[in-house]
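Trainee: I'd like a close look at one part of this structure, residue by residue. Pick a spot, tell me what surrounds it, and then show me some packing elsewhere in the chain for context.

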Amino acid sequence: MIPRIHKQGSRTIGLIHYLYGKGTHEEHVDPHLVASFDDMAPDPGRNPQATEKDLEQVLDEPLHLLDADQRPDKHVWHCSVRAAPDDPVLSDEQWGEIARRMVAATGIDPGDGAGCRWAAVRHAADHIHIIATLIREDGRRPDHHRSGQRAQAEARLIEAEYDLHRVQSGDGTAAKRATSAERHKAERQGRERTAREELREEVRRAAAGATSTDEFVDRLKNAGLLVRTRVLPSGDLQGYKVALPDDRNKDGKPVYYAGSTLAPDLSLPRIQERFAASSTAPDDSGAVRSSPMKLSPPAAARRTTAQAAWAALLVIDQGDEGAAAAQIAATGEALDALAKTSALHTRRELREAASAFERASRSHTRAEFRHAQDLRRAARDLVRSGPALGRGEDGAGTAMVLDMLAFLAIAAAHWHAQRDHAQQAEAARRAAEHLRAAYQQAAREPLIVLRERGRHIAPSLRRQHEATVRAALPELADTVLAEPGWDALAGTLADAEHAGHDPHALLAEAAALRELDTASSISEVLLWRLRRTADLPVYATPAAGATQAKATRPASARQMPTPSTPRAPSR
């Protein structure tokens with residue numbers, strides 16, 4: 001149940017006319033009162049003798065008893081209360097009781113016998129509107145300070161008592177929702193989302209990995225947005241507004257939104273905090289950092305992001321509050337950049353993941369971005385590398401980074417849940433689900449390649465790798481060897497040995513990095529971790545042709561130990 005306190009107005013009759021009218025799209029059905037301050041207010045919807053003017057006069061009577069200079073300019077209070085889509089249809093009596101509880105909780109009519117006059121109108125199955133005059137019967141103003149938060153708290157109690165959908169409590173850091181007028185406008189224009197929502201996504205993508213205000217503004221313009229900036233006499237930028245080229249008001253002028261009205265962390269000062277941290281961190285040539293392998297820029301950028309995501313996960317688990325908050329915020333940037341450059345078959349799920357994680361990227365914990373520059377640079381690499389093809393090493397790199405980002409989203413959910421950030425924790429969990437779905441799409445082709453490679457390695461070497469698994473993972477070996485991913489893991493162990501690594505040392509290290517019992521596929525988790533740690537390509541000459549010769553090499557020639565790393569949380 002979602003209560004919303006609207007802006008105060010000055011015309012009672014104007015709001016009454018809307019509530020009893022047909023609605024913008026004739027969506028209002030059978031408007032009528034379900035409750036009022038004395039349960040005797042005239043109802044223009046059900047009583048043919050009552051008029052909208054009658055209801056206005058009853059509600060505004062305490063206002064007219066005051067001298068003109070004592071009357072507030074904005075005396076009309078308006079609260080809508082909407083049920084969730086999966087809630088049962090409530091009766092008029094139930095909605096009436098909900099209205100009484102809302103006006104009591106918000107201080108409009110606290111039950112002292114001298115509260116404000118109010119009425120609750122129902123013109124749809126799933127919501128009501130409460131209109132009140134902000135003058136009490138005793139002539140005083142009501143104490144309705146923080147009425148929005150008080151209404152939300154009462155809604156949580158109502159949800160529990162009526163067994164309704166439980167809405168997660170917020171902390172005031174959520175992005176502003178689109179208004180009903182914005183939603184109706186989007187419907188008229190045939191848009192799936194409102195202009196506010198489209199602009200929020202575009203601005204977040206423009207900020208992902210950007211290192212200066214100029215780069216940020218250039219990205220906004222390159223995305224096709226209209227941009228207005230405010231410049232101080234010193235020449236420094238003070239603020240910005242953006243608009244969609246085809247979103248116009250009734251006068252044909254573009255409708256601009258300031259960054260701060262799109263989301264709290266999209267104001268210019270908040271975005272520039274990221275740039276300030278970037279300027280104090282070491283930077284290289286700005287080109288995409290690549291591995292020793294000959295990879296395309298998108299593939300190299302995805303491997304870089306996977307490495308940065310793993311480091312971020314460890315900080316979230318073990319770092320201080322500001323550092324962890326920065327890594328979570330930078331994860332949002334990485335997801336925005338990945339969604340922007342994703343291949344077609346993963347694009348929808350990645351955009352959903354980025355959209356969901358947007359809510360998880362903010363809390364009252366101040367992000368110290370100097371701790372998250374690796375992940376921010378990885379986001380910049382993703383943007384600069386351009387779109388991925390979705391096949392070959394591009395596809396394998398995408399699967400690798402999605403596997404890691406799913407862990408990271410779950411770690412963020414745990415971090416938020418431990419701090420009672422209910423909305424952020426739920427948002428991170430939803431993002432993880434979309435990331436898993438995108439991973440399944442991205443990993444399909446590279447896993448086929450790796451499974452075929454594993455099936456064709458020499459039988460003696462396959463038995464050797466089975467023994468390695470049993471030695472390194474004694475409690476999980478039977479599960480791993482029975483999984484469909486075992487063939488792909490066997491191929492990865494063969495590739496690691498062919499590249500000069502000690503498979504046992506790599507596997508033991510990978511298993512020690514985190515608890516594996518809750519992984520949906522232990523073998524897939526391990527193979528991507530091994531390929532990331534050992535920097536192994538997927539689409540390379542299979543190791544099967546040289547496996548028997550490699551198996552006879554001394555362990556010292558094959559061993560390349562990796563540094564010990566602390567354990568990280570499981571997904």
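**A histidine and its surroundings**

Mentor: Let's start with His-75: setting aside neighbours within four places in sequence, it is in contact with Gly-9, Ser-10, Thr-12, Asp-60, Leu-63, Ala-132, Thr-133 and Leu-134. Keep in mind that this is a predicted model. His-75 sits in the loop between helix H2 (52-64) and strand S3 (76-82). Is it buried or exposed? At 6% relative accessibility, His-75 falls under the 20% cut-off, so it counts as buried. One of its contact partners, Thr-12, also shares a polar contact with it: the two side chains are joined at 3.1 Å.

While we're around S3, have a look at the cysteines. Cys-79 is buried, with a relative accessible area of 0%, and Cys-116 counts as buried too, at 2% relative accessibility. If you were wondering about crosslinks, a disulfide is a covalent bond between the sulfur atoms of two cysteines. With sulfur atoms within 2.5 Å as the test, the count here is 0 disulfides.

Now for the packing you asked about, down at helix H20 (residues 522-533). Take Ala-510 as the way in. This residue lies in helix H19 (residues 503-512) and is buried, at 3% relative accessibility. Beyond its neighbours within four places, Ala-510 is in contact with Leu-526, Arg-529 and Leu-530. Its C-alpha atom is separated by 6.8 Å from that of Leu-530, although the two residues are 20 apart along the chain.

Next comes helix H15 (residues 422-455), which packs against H20 at an angle of about 80°, with the axes 12 Å apart. That angle lies between 65 and 115 degrees, so the pair is roughly perpendicular. On the H15 side you'll find Tyr-439, Pro-446, Leu-447, Leu-450, Arg-451 and Arg-453, and these meet Glu-524, Leu-527, Trp-528 and Arg-531 of H20. Sorted by class, the residues of this contact are 6 nonpolar, no polar and 4 charged.

Helix H10 (residues 297-318) packs with H20 as well, at an angle of about 105° and with the axes 11 Å apart. H10 is therefore roughly perpendicular to H20. Here Arg-303, Ala-306, Gln-307 and Trp-310 of H10 meet Arg-529, Arg-531 and Arg-532 of H20. The class split for this contact is 2 nonpolar, 1 polar and 4 charged residues. Notice that Arg-531 turns up in the contact with H15 and again in the contact with H10, while Arg-529 meets H10 and is in contact with Ala-510.

Methods. Residues numbered from 1 in each chain as written. Predicted model: local features only at pLDDT ≥ 70, side-chain atom pairs only at ≥ 80, totals over all residues. Heavy atoms only, no water. Axes fitted to C-alpha atoms, helices over the stretch in contact; angles between N-to-C directions. Helix = DSSP H or I, 4+ residues; strand = E, 2+ residues; numbered from the N terminus. Parallel < 35°, antiparallel > 145°, perpendicular 65-115°, else oblique. Contact = heavy atoms within 4.5 Å. Nonpolar A, V, L, I, M, F, W, Y, C, P; charged D, E, K, R; others polar. Buried < 20%, exposed > 50% of the residue type's maximum accessible area, 1.4 Å probe, protein only. Polar contact = N/O pair within 3.5 Å; in protein donor to acceptor, adjacent residues only side chain to side chain.
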